[in-house]
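Thank you all for making time this morning. I would like to walk through one protein with you, going from a single residue outwards, so please have the sequence and the coordinates open.

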Amino acid sequence: MAASRFVSVALAMLLAVTMVPAAGLPQAFADEPAERPATSGGDVALESASGDAAAVGGAEVADSGLRYVVADGAATLVGFEDGASLEGALVVPETVTDGATVKAVEVAEGQVAEEVTSLTLPQTVESVRTEGLASALPALASIEVASGAAAEGDGDAAAAGSEAGAAGKAGYSSVAGMLFRSAEGQASSDGEAFAEDALELVWAPPAMVVARIPLECKSIAAGAFVDAAALETVMSFGKMESIASAERDAEGNVTKPGAFADEQVGRLTIVVPGTNYAVTGEGAERVSGSVALSEKTDMLEKRKTWFHHGFDTEQIIMGAPF
């Protein structure tokens, strides 16, 4: 009888031991995140740029091949839908399917649309994170900001269009395929603030070969040209007053990029056009490549800022605006 009781106890203990792993198995797997499949963009990359949409009170929205995070009626462009066929001209709408207004562009890491060559943003965009654009759109040669359109003969519509244009200028604008913002309030070389119509060049796309900087541009922001790997020539039609320089640590490593990468400063050709008085009206528009014809400024003065930034005299060409 004692032997039978011993066997029963031993079997009960053995059964308890064998059941412990089974009981603990679900908890063990719950502590380890499930492996997510790799995608060509998708929500993995989306979270890397904008975090968990639910955590920040936003929702993911897909519209015409593009992905957005929407919160409080504002949409942020964060990437591309898996399998979307995006090529040629890509136009970002002013609103997405749920009526949210597109206010920002912050493309997630890992997103790539290799065949997009031009990008048009709506005037409603107030923030553009340019750091991820070159890797996401490697063939991009032009970036534009849509202009406000008003109906002809409609005074109210014309006034609304004028207000929209002013709002767009206060945020971002585009000239000759590059992104600009207002330079108003920034200090010029003589210590005075730039005029209301002065522009700061913010970003040039990676596949741009010739950059035509308009007359109104007086400064070039940090990182503006560092993504323009295909760039060969910069034409500056006005007098450039400020070109951002790189910041470096004690060892000489770049901690904040300048307007140009070091290798660009060593190889680019800078063209400072002179004024061609024979070309006026529609001809000026044609010759200057849709930028204003050069102002009456001493050419050596116009060259000075480029020279001080590190471009040598052999790289800086002064001549006609062709």
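Before I name any neighbours, let me fix one term: when I say that two residues touch or are in contact, I mean that they have heavy atoms within 4.5 Å of each other. Please also keep in mind throughout that this is a predicted model.

With that in place, I begin at S174, which sits in strand β9, residues 173-175. If we set aside residues up to four places away in sequence, S174 touches I143, E144, V145 and F180. Two polar approaches stand behind part of that list: the side chain of S174 makes a polar contact with the side chain of E144 at 3.1 Å, and a polar atom of the S174 side chain lies 2.9 Å from the backbone nitrogen of V145. Is S174 buried or exposed? Its relative accessible area is 19%, and because buried means under 20%, S174 counts as buried.

Now let me follow the strand pairing away from this residue. Strand β9 pairs with strand β10, residues 178-182, in the antiparallel sense over 3 bridges, and within that pairing the bridge partner of S174 in β10 is L179. The hairpin of β9 and β10 has 2 residues between the strands, and there A176 takes a positive phi near 50°. On the next step, β10 is joined to strand β11, residues 199-203, by 4 bridges, and these two strands also run antiparallel. L179, the bridge partner of S174, stands opposite W203 in β11.

E144 and V145, the polar partners of S174, bring us to another sheet. Strands β4, β6 and β8 form an open sheet of 3 strands in that order, with parallel pairing. Its edge strands are β4, residues 87-91, and β8, residues 142-145, each of which pairs on one side only. Neighbouring strands of this sheet are turned against each other by 20° on average, if direction is ignored. Strand β6, residues 115-121, is joined to β8 by 4 parallel bridges, and E144 in β8 is the bridge partner of T120. E144 therefore has two roles in this account, as a bridge partner of T120 and, because N or O atoms within 3.5 Å can count as a polar contact, as the residue whose side chain meets that of S174 at 3.1 Å.

The second residue I would like to place is C217, found in strand β13, residues 217-220. C217 is buried, with a relative accessible area of 0%. Leaving aside neighbours within four places in sequence, C217 is in contact with F180, L199, L201, K239 and M240. F180 is thus named both here and in the surroundings of S174. The C-alpha atoms of C217 and S182 are separated by 9.1 Å, although their positions lie 35 residues apart along the chain as a sequence separation.

There is a further parallel sheet to mention, an open one of 4 strands in the order β12-β14-β18-β19. Here the edge strands are β12, residues 210-213, and β19, residues 316-319, each pairing on one side only, and the twist averages 20° from one strand to the next. Strands β12 and β14, the latter covering residues 233-236, pair in the parallel sense over 4 bridges, with M235 in β14 as the bridge partner of R212.

How is the nonpolar interior arranged? The largest nonpolar core has 32 residues, of which Y68 and L137 touch the most other members. Elements giving two or more residues to this core include β2, β3, β5, β6, β8 and β11. A second, separate core of 28 residues includes F180, L199, A204 and I220. Of these, F180 and L199 are among the contacts of C217.

Let me end with the whole chain. The secondary structure comes to 7 helices and 19 strands, and buried residues make up 38% of the 322 residues. Among contacts between residues at least 6 apart in sequence, 58% join residues at least 24 apart. Finally, the accessible surface comes to about 17100 Å², of which 54% belongs to carbon and sulfur atoms.

Terms used:
Residues are numbered from 1 along each chain as its sequence is written. This is a predicted model: local features need pLDDT of at least 70, side-chain atom pairs count only at pLDDT 80 or more; totals for chains, interfaces and linings use all residues. Side-chain values use heavy atoms; hydrogens and water are left out. Buried means under 20% relative accessible area, exposed over 50%, partly exposed in between (1.4 Å probe, protein chains only). Two strands pair if DSSP finds at least two bridges between them. Axes are lines fitted to C-alpha atoms, for helices over the stretch in contact, and angles run from 0 to 180 degrees between N-to-C directions. A polar contact is a pair of N or O atoms within 3.5 Å; within protein, one must be able to donate a hydrogen and the other to accept it, and residues adjacent in sequence count only if both atoms are side-chain atoms. A nonpolar core is a set of buried Ala, Val, Leu, Ile, Met, Phe, Trp, Tyr and Cys residues joined through side-chain atoms within 4.5 Å. Accessible areas come from the Shrake-Rupley method with a 1.4 Å probe; for residues, only the protein chains shown count as cover.
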